[in-house]
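Visitor: I am new to this structure and would like a close look at a single part of it. Please pick one strand and explain how it sits among its neighbours.

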Amino acid sequence: MRGSVEMAYVVLFHHVQGLTDGVRAFAEQLRAGGHTVHTPDLFDGEQPATIDDGVAYVKSVGDRLLGERVARAVAELPERLVYAGISWGAAQAQQYAQTRPGARGALLYEACLPITGEWAFGPWPAGVPVQIHGMDQDPFFALDGDIDAARELVATAGPEPAELFVYPGDRHLFTDSSLPSYDPDAAALALRRSLEFLDRLG
């Protein structure tokens, strides 16, 4: 406990370039707020050099095996989790926040799946707050439909808070301090808002 705030248990899923030093650093900053953050390595140590290499790696391993790795990582953790993820990892976080009972909340960075239509896991669960972060010209987030999915989620979720924060810029993976795409100002603001979100869960 920190004062009257109950600390959150968070699982943070990495992006398609793997569990980089930047993902670990972001998790450590969340831990510095007093929260417990788990960072499973879903790529077994692989760290593709580029986003394209990461997408190719995901295709080579396959959704079934990667899904099994995610399921094993989650099975070892308590039900009362905050599911967080960056880009590819956000899709994993969103799936479990919507389908595994007991979710306390979700933090989705730079990706959001629709809650209606062919790719949806169903409606957003009542009572699960969510916060979404992305850049307004990110080709993967803003220009590929994810921002529209995020707006739909925020407009229809309830009664718990659902927030979308959009940052100026065209970088993808802007929260990862180990990559050239890192934006320190936007990342710091996303981190502050994330910590405020986690503190409100207590």
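Guide: Two strands are said to pair if DSSP finds at least two bridges between them. With that in hand, take strand β1, residues 9-13, and keep in mind that the model is predicted. One partner of β1 is strand β2, made of residues 36-38. The two run in the parallel sense, and three bridges join them. To find a point where they meet, go to V11 in β1; its bridge partner in β2 is H38. Between these two strands the chain passes through helix α1, residues 21-32. The path from β1 through α1 to β2 is thus a β-α-β crossover, and its hand is right-handed.

β1 also pairs with strand β3, residues 82-86. Here too the sense is parallel, this time over four bridges. V10 is a place to look: the residue opposite V10 in β3 is V82. V10 therefore leads the eye to β3, while V11 leads to β2 through H38.

What about the surroundings of β1 as a whole? Residues count as buried when their relative accessible area is under 20%. Four of the five residues in β1 fall in that class, so the strand is largely enclosed by the rest of the structure. In short, β1 is a largely enclosed strand that pairs in the parallel sense with β2 and with β3.

Conventions: Residues are numbered from 1 along each chain as its sequence is written. This is a predicted model: local features need pLDDT of at least 70, side-chain atom pairs count only at pLDDT 80 or more; totals for chains, interfaces and linings use all residues. Side-chain values use heavy atoms; hydrogens and water are left out. Buried means under 20% relative accessible area, exposed over 50%, partly exposed in between (1.4 Å probe, protein chains only). A crossover is right-handed if, with the strands pointing away from the viewer, the path from the first strand over the helix to the second runs clockwise.
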